[in-house]
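Visitor: Could you take me through one part of this protein in close detail? I'd enjoy a guided look at a single residue and what lies around it.

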Amino acid sequence: MAAVVMALVAAGVGVHLLMVFLHVAPANTVTKQHGQAVDDYIYPEFEQNWKLFAPNPLQQNIAVQARAEILAEDGTLDRTRWVDLSALDGEAIDGDPLPSHTRQNLLRRGWDFYVNSHDTAGVPNGVRGDLSERYVRRIVLARLVTELEGTRDGVIDRIQVRSRTTPVPPPPWSDEKVSRKPVDRELTWWSVTDSDVPLDGSLQLRRDGEGGAR
């Protein structure tokens, strides 16, 4: 039994390493014929990128915020405050010698995935557009229900996401000129469906004593 388990684990690791290798390798005969299968395995959980080693690494601070509309039992809608999800991730890892990989990269990479698969009007520019939208929606829903403390007084009906991109100023010794003007991007409201609910749970929010959304 132990030998069978070890063999299955070794086979799984071998397949994973092969898929990652084919994903990052230059175009070849295998990827030309089976590139879609490789992409289906890699995205979005195992996506690779080499921006750390690129001539121009990431030079922007991107803050992603979200808010929700809560549908009460009497049919009324309340709109929550904007929640700075990026700031919460930053606070969670600041000063931590062993920060969570999820806190560092899940939201950041998910938003990057969405931006790169949509134009500025929010229209998908490829087959990965719908996948990226559902991915971001689930991340945001999971974060909102945690930060806004869910209860049974209301359910999330719609969510909205926005971002602010601020260029990082160059070091004092550099002659590079960079505009410090932030770039804002606000998406339209997304209606929440059963397929968006993480772990098939019930997403709900608590209201304060005065009836307003927290």
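Guide: Let's settle on Trp 190. In this predicted model, leaving aside residues up to four places away in sequence, Trp 190 touches Tyr 114, Glu 133, Val 136, Arg 137, Asp 157, Arg 158, Ile 159 and Val 161. Among those partners are charged residues such as Glu 133 and Arg 137 as well as Val 136 and Ile 159.

Now step back to the setting. Trp 190 is among the residues with the most contacts inside the largest nonpolar core, a group of 20 residues. Trp 111, Val 140, Leu 144, Ile 159 and Val 161 share that distinction, and two of these names, Ile 159 and Val 161, also appear in the list of residues that Trp 190 touches. The elements giving two or more residues to this core are β1 (60–72), α4 (101–116), α5 (129–147) and β4 (154–167). The largest share, five residues, is supplied by α5. As a rule, nonpolar side chains in soluble globular proteins tend to be buried together.

Elsewhere there is a second, separate core of five residues, including Met 19, Leu 22, Val 38 and Ile 42.

To place all this in the whole chain: five helices and six strands are present, running in the order α-α-β-β-β-α-α-α-β-β-β along the sequence. Of the 214 residues, 29% are buried. If you look at contacts between residues at least 6 apart in sequence, 64% join residues at least 24 apart. As for the outside, the accessible surface comes to about 14000 Å², and carbon and sulfur atoms account for 56% of that.

Conventions:
Residues numbered from 1 in each chain as written. Predicted model: local features only at pLDDT ≥ 70, side-chain atom pairs only at ≥ 80, totals over all residues. Heavy atoms only, no water. Core = buried A, V, L, I, M, F, W, Y, C linked by side-chain atoms within 4.5 Å. Buried < 20%, exposed > 50% of the residue type's maximum accessible area, 1.4 Å probe, protein only. Helix = DSSP H or I, 4+ residues; strand = E, 2+ residues; numbered from the N terminus. Contact = heavy atoms within 4.5 Å. Areas by Shrake-Rupley, 256 points an atom, 1.4 Å probe, with all protein chains shown as cover.
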